[in-house]
Amino acid sequence: MKILVFGETGQVARALAVAGPAHGITVHTLNRTQSDLSDPAACAAAIMATDADAVINAAAWTAVDAAEVQEDAAQIINADSPGAMAQACATRGLPFVHISTDYVFDGTPGAPWTPAAPTGPLGAYGRTKLAGERAVLDAGGTAVVLRTAWVFDGQGKNFVTTMLRLSETRDALNVVADQTGGPTPADAIADACLTIAQKLLDGIGQGGIHHFSGTPDVSWADFARAIFATAGRVVTVTDITTADYPTTAARPANSRLDCSSLTASFGIARPDWQAALDRIITETQP
Ligand code: NDP
């Protein structure tokens with residue numbers, strides 16, 4: 001089996017390239033030069049020309065704050081191109097897996113969000129990702145929109161690598177404690193996407209929107225404490241509120257995702273983020 005992946009340098013795209021062989025899948029990644037998501041027609045053309053059996057979109061405009069001032073550009077990358085990809089996949093009869101985000105929700109504290117829960121993005125990034133979800137599902141092919149949250153690996157620009165870097169020069173940090181979510185290892189997302197693609201190709205599993213995030217849900221502050229404890233760094237973490245740490249784009253307070261439909265439909269369980277953290281720190285920290 002061969003899978004075409006949009007994205008090559010990102011956290012999930014890199015993990016897909018590594019995970020492919022373990023699934024017995026040849027993964028063909030496309031970087032920005034080979035297929036620019038600023039050009040929806042070029043993305044569709046890449047799919048029309050591929051000999052792959054399924055397609056995964058792991059590329060996106062992920063600069064949340066920058067999207068506030070460049071929403072038109074983000075809209076093309078996060079919505080128009082995924083829509084064009086989904087239409088080309090529908091035309092070719094290829095299963096399509098598209099990754100989306102907890103930022104489609106307004107973050108009102110409460111229960112974890114189900115896939116059917118009402119959306120209400122707080123900012124431009126979430127709006128463009130939500131438009132992408134709709135464009136993908138409207139294309140009418142065999143598609144899964146996989147919403148995830150708080151993605152990390154050992155080398156990308158993410159919360160784990162940021163905390164580890166800060167711990168080299170700081171012995172105390174203030175970290176937001178009123179946002180909660182499930183930190184999600186990029187390699188677990190890659191495994192999930194490959195399993196979904198494989199099962200869709202075999203006619204197994206329900207298309208549409210599913211959720212996937214790591215377990216257990218935590219606050220950023222508690223996640224920071226876990227990172228320092230795992231790495232053996234002595235850093236005092238003080239809880240602060242979102243209001244104490246203003247950002248250009250608002251972040252959802254509640255990013256917790258109800259992942260039960262993915263388990264029911266595809267047999268994929270939530271990954272244990274602590275196990276992934278242990279592995280990453282062993283591999284990357286001196
Ligand atoms: P990264 O930010 O690590 O990588 C983004 C990827 O998209 C890079 O490979 C980048 O390539 C590529 N890309 C951006 N613009 C273009 C373009 N115009 N043409 C082609 N490629 C482009 O993303 P992640 O791996 O973290 O995210 C994967 C998915 O998960 C995305 O859909 C994201 O929305 C979603 N997600 C991510 C979360 C997170 O915490 N990171 C949380 C929830 C969902 P280049 O290096 O050339 O810029």
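1. How many helices and how many strands does the chain have? The model, which is a predicted one, contains 10 helices and 12 strands. The points below take up the overall form of the chain, then its sheet, then selected helices and loops.

2. The chain has 286 residues, for which a compact globule would have a radius of gyration near 19 Å; the value found is 18 Å, so the chain agrees with that expectation. The C-alpha trace spans about 55 × 40 × 35 Å along its principal axes. Of the 286 residues, 50% are buried. The accessible surface amounts to about 12000 Å², and carbon and sulfur atoms account for 52% of that area.

3. Contacts within the chain frequently link remote parts of the sequence. When contacts between residues at least 6 apart in sequence are considered, 83% of them join residues at least 24 apart.

4. An open sheet is formed by 6 strands, arranged in the order 2-1-3-4-5-10 with parallel pairing. Its edges are strand 2 (26–30) and strand 10 (208–211), each of which pairs on one side only. From one strand to the next, the twist averages 25°. As general background, the strands of a sheet pair through backbone hydrogen bonds, in either a parallel or an antiparallel manner.

5. Strand 1 (residues 2–6) runs parallel to strand 2 and is joined to strand 2 by 5 bridges. One residue pair can be named here: Lys2 has Thr26 of strand 2 as its bridge partner. Is strand 1 enclosed or open to its surroundings? Because 4 of its 5 residues are buried, strand 1 is largely enclosed by the rest of the structure.

6. Two helices deserve mention for their contacts with these strands. Helix 1 (residues 11–19) packs on the sheet and touches strand 1, strand 2, strand 3 (54–57) and strand 4 (96–101). The direction of helix 1 makes about 150° with that of strand 2. Helix 4 (residues 71–92) lies across strand 1, strand 3 and strand 4, and runs at about 160° to strand 4.

7. Helix 5 (residues 124–138) comprises 15 residues and extends 21 Å from its first C-alpha to its last, close to the 21 Å expected at 1.5 Å a residue. Which residues of helix 5 are buried? They are Ala124, Tyr125, Gly126, Thr128, Lys129, Leu130, Gly132, Glu133 and Val136. The cover over these buried residues includes helix 3 (64–67), helix 4, strand 4, strand 5 (143–148) and strand 10. After helix 5 comes Gly140, with a positive phi near 85°.

8. Trp150 merits inspection of its backbone. Although Trp150 is not a glycine, its phi is positive, at about 50°. Trp150 is located in the loop between strand 5 and strand 6 (151–152). With a relative accessibility of 10%, against a cut-off of under 20%, Trp150 therefore counts as buried.

9. A cis peptide bond runs from Thr215 to Pro216, with omega near 0°. Pro216 belongs to the loop between strand 10 and strand 11 (218–219), and strand 10 is one of the two edge strands of the sheet.

Conventions:
Residues are numbered from 1 along each chain as its sequence is written. This is a predicted model: local features need pLDDT of at least 70, side-chain atom pairs count only at pLDDT 80 or more; totals for chains, interfaces and linings use all residues. Side-chain values use heavy atoms; hydrogens and water are left out. Two strands pair if DSSP finds at least two bridges between them. Axes are lines fitted to C-alpha atoms, for helices over the stretch in contact, and angles run from 0 to 180 degrees between N-to-C directions. Contact means heavy atoms within 4.5 Å. The radius of gyration is taken over C-alpha atoms; the globule rule is 2.2 Å times the number of residues to the power 0.38. Buried means under 20% relative accessible area, exposed over 50%, partly exposed in between (1.4 Å probe, protein chains only). Accessible areas come from the Shrake-Rupley method with a 1.4 Å probe; for residues, only the protein chains shown count as cover. The expected span of a helix is 1.5 Å times one less than its number of residues.
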